Every structure is written in structure tokens, then in C-alpha cells.
Amino acid sequence: MMNNEQAIDKLQYLLGTLRDGEKGFAQAADHADAPDLKTLFTERSQQRATLAGEVAAKIQGMGGDADKGGSVGAALHRTWLNVRDAVTGKGDYAVVAEAERGEDVAIQNYQDVMNDAELPADLRSFVDGQYAQVKTSHDQIRDLKHSMKPD
């Protein structure tokens with residue numbers, strides 16, 4: 001069975017993923033031209049902030065420090081950090097494509113945590129609930145990208 005510190009590390013990993021997404025979506029909103037995309041990305045940034053708050057509360061409830069990156073969190077793929085460089089002046093399709101790429105990593109990170117057989121049942125249920133929201137977001141952005149024409 002996973003010990004408390006290992007469980008906190010798993011949550012730290014997801015917290016880093018969510019905070020990355022929160023910043024990434026905010027940057028995507030800044031770089032999108034279409035008002036509906038700006039709104040979508042702003043809403044997703046707020047969603048990630050909410051999810052991050054839930055994870056941080058869970059970490060603190062387990063005796064951890066949500067502001068201290070865990071050993072797993074420190075190795076986080078910083079996918080979203082290059083949004084600005086990747087999309088500046090390249091149009092909405094590029095912004096949506098970059099958002100999808102960030103969502104692909106978020107999905108993978110959640111799956112990594114859920115695939116750990118030793119994850120306690122209560123945490124699995126909590127993570128699974130968040131994963132469903134992230135997956136829905138991913139699928140919507142993927143479908144949006146596929147409906148757009150590259151510039």
C-alpha cells in the first residue's frame with residue numbers, strides 16, 4: 001500500500017499539472033483572436049484553478065504542503081510554458097492546437113496517477129472525478145481543433 005508521503009507526491013504531480021494548465025489557458029486566452037475562444041480559454045483557466053484548489057486542500061488535509069513541489073511534481077513536463085512562443089502571430093488554429101497539446105499531457109499525467117495500483121481508493125475516486133472534467137475539456141478542444149482549418 002502507498003504511504004501518505006507517496007500519495008501526497010502523486011497529488012503534487014497533479015497540482016503542478018493543473019497550475020500549468022491554469023497559466024497555459026490564460027496565455028491561450030491572451031493570444032486567441034476570436035471572442036468565443038478567449039471566453040473558452042478563460043473558463044478553462046478558471047476550471048484548472050478550481051481543480052488545483054481542490055487538490056491543494058486534499059494535500060493539506062493529508063498533512064502536506066501544497067506550495068512545496070513534491071519529488072514527482074518537480075519532474076513535471078512543463079508543456080504549457082512555451083504557449084506564447086509557439087502561437088504568437090500564428091492565429092487561432094495554432095492556439096487551439098497548442099491547448100490540445102497541453103491537454104494531452106494533462107490526460108497522460110492523470111492516467112499515470114490512476115494507473116498506480118497502490119493509489120488508495122478514496123484518492124482514486126477523487127482523482128477520477130477530476131480526470132473526467134479534464135477529459136471532457138480535452139475532447140472539446142480536440143474536436144474544436146478538428147473543426148478548424150489551419151491558417
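These are my notebook entries on how the helices of this structure pack and what sits between them.

**Entry 1: what I'm looking at**
I'm working with a predicted model. I started with pairs of helices, then went on to the cores and a couple of single residues.

**Entry 2: H1 against H5**
I looked up helix H1, residues 4-31, and helix H5, residues 92-114. Their axes lie 10 Å apart, and the packing angle is about 170 degrees. Angles over 145 degrees count as roughly antiparallel, so H1 and H5 are roughly antiparallel to each other. Then I listed who touches whom. On the H1 side I found Lys10, Tyr13, Leu14, Thr17, Leu18, Phe25, Ala28 and His31. They meet Asp92, Val95, Ala99, Glu103, Ala106, Asn109, Tyr110, Asp112 and Val113 in H5. Sorted by class, this contact of H1 with H5 has 10 nonpolar, three polar and four charged residues.

**Entry 3: H1 against H6**
Next I tried H1 with helix H6, which covers residues 121-147. Here the axes come within 13 Å and cross at roughly 25 degrees. That makes H1 roughly parallel to H6. I also noted that H1 passes H6 in a left-handed crossing. H1 brings Ala7, Leu11, Leu14, Leu18 and Phe25 to the contact. From H6 come Leu123, Phe126, Val127, Gln130, Ser137 and Ile141. How many charged residues are in the contact of H1 with H6? I got none: the split is nine nonpolar, two polar and no charged.

**Entry 4: H2 against H6**
Helix H2 runs over residues 35-61, and its axis comes within 12 Å of the H6 axis. The two cross at roughly 170 degrees, and H2 and H6 are therefore roughly antiparallel to each other. I wrote down the H2 side as Leu37, Leu40, Phe41, Arg44, Gln47, Arg48, Leu51, Glu54, Val55 and Lys58. The H6 residues in this contact include Leu123, Phe126, Gln130, Val134 and Leu144. The classes come out as 10 nonpolar, five polar and four charged.

**Entry 5: the cores**
Which residues have the most contacts inside the largest nonpolar core? I found Leu11, Leu15, Val55, Ile59, Tyr110 and Val127, in a core of 25 residues. H1, H2, H5 and H6 each give two or more residues to this core. H1 gives the most, with seven residues. My note to self: in soluble globular proteins, nonpolar side chains tend to be buried together.

I picked Val55 for a closer look. Leaving aside neighbours within four places in sequence, Val55 is in contact with Leu11, Leu15, Leu18, Phe126 and Gln130. There is also a second, separate core of 11 residues, and Phe25, Ala29, Ala32 and Val95 are among them.

**Entry 6: two single residues**
Gln130 caught my eye in the lists above, so I checked whether it is buried or exposed. Gln130 sits in helix H6 and is buried, with a relative accessible area of 2%. Beyond its neighbours within four places in sequence, Gln130 is in contact with Leu18, Leu51, Glu54, Val55 and Tyr110.

Then I looked at Pro150, in the segment after H6. Is Pro150 buried or exposed? Its relative accessible area is 53%. Exposed means over 50%, so Pro150 is exposed. Last thing I looked up: Pro150 and Ala97 are 53 residues apart in sequence, with 9.4 Å between their C-alpha atoms in space.

Definitions and conventions:
Residues numbered from 1 in each chain as written. Predicted model: local features only at pLDDT ≥ 70, side-chain atom pairs only at ≥ 80, totals over all residues. Heavy atoms only, no water. Axes fitted to C-alpha atoms, helices over the stretch in contact; angles between N-to-C directions. Helix = DSSP H or I, 4+ residues; strand = E, 2+ residues; numbered from the N terminus. Parallel < 35°, antiparallel > 145°, perpendicular 65-115°, else oblique. Contact = heavy atoms within 4.5 Å. Nonpolar A, V, L, I, M, F, W, Y, C, P; charged D, E, K, R; others polar. Left-handed = near helix turned anticlockwise from the far one by under 90°. Core = buried A, V, L, I, M, F, W, Y, C linked by side-chain atoms within 4.5 Å. Buried < 20%, exposed > 50% of the residue type's maximum accessible area, 1.4 Å probe, protein only.
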